[in-house]
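User: Could you take a close look at a single part of this protein and describe its surroundings step by step for a first-year student?

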Amino acid sequence: MHLNPQPNFCLHCGNALSFGLPDGDSHPRHHCATCGYIHYINPKPIAGTLPIYQGKILLCKRAIHPQRGLWTLPAGFMESEETVEAAAKRETWEEARAKVNLVQPIATISAPHIDQIHHFFLAMITNDDFKPGPESQAVQLVEYNDINWDQLAFSTIYLTLNHFFSELTRCNLQLDELMHSKDWYLKPLSQTIPDHLRKHYLVSKGTDIKTPPNASVSGT
Ligand SMILES: [Zn+2]
């Protein structure tokens, strides 16, 4: 499967494209000797949220392929001329019918092997009538102990949740404290997907999943 199909013909003039280094460029690309068109291939940005409601995280059970039936944070491909913030909010609405206020960036994860970059924001849900959107079978509010770490749909979801709970632990915060105080800032993750998670999807077997520290355990 080609992540980015290569065109054979110029999208402007229809003549055959050649592959090589265009004048003044640093990367070989498909380009047109007739009209000068250069076919650039760039990573696709994905935007999503880690949505919080009443001290719990909202997860969506996917109704569509890939990874149908597994759990995800609401996220998806950005649209043309959209901001990353607007895309994150739109995807949260489309997948979970949840309206959110974005609080802070929580993870930026590069996936160069699939030409993607994933941006997640920590967000607070503002409506109480959220429900599955067309791409979700179900939505569910979860605490740390409810999360089935081997039933997460994508490695970026695993990395984002793992980082979030690690940050709660580092800051000595409980999940339900996030709504009651603004006296906190979680360090955003900036990471490339590590080799052992460098499959297109995280699957339940054969991956080296480490459950993150339990941030929900208090001293009582
Ligand atoms: Zn051309």
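Analyst: The part chosen here is I147, which is found in the loop between β10 (136-142) and α2 (155-170), where helices (H or I, at least four residues) and strands (E, at least two) are DSSP runs numbered from the N terminus. Residues are numbered from 1 along each chain as its sequence is written. The model is predicted, and for that reason local features need pLDDT of at least 70 and side-chain atom pairs count only at pLDDT 80 or more, while totals for chains, interfaces and linings use all residues.

I147 counts as partly exposed because it has 19 C-beta neighbours inside 10 Å; a residue is buried if 20 or more other C-beta atoms, placed from the backbone, lie within 10 Å of its own, exposed if 12 or fewer, and partly exposed in between. Leaving aside its neighbours within four places in sequence, I147 is in contact with V142 and L161, contact being defined as C-beta atoms, placed from the backbone, within 7 Å. W71 lies 76 residues from I147 in sequence, yet the C-alpha atoms of the two are 9.2 Å apart in space.

Turning to the helix that comes after this loop, 13 of the 16 residues of α2 are buried, so α2 is largely enclosed by the rest of the structure. Its end C-alpha atoms are 22 Å apart, which agrees with the 22 Å that its 16 residues should span at 1.5 Å a residue, the expected span being 1.5 Å times one less than the number of residues. After α2 comes N172, whose phi is positive, near 55 degrees.

For the wider setting, the protein has two helices and 11 strands, and 30% of its 220 residues count as buried.

Conventions:
Two residues are in contact if their C-beta atoms, placed from the backbone, lie within 7 Å.
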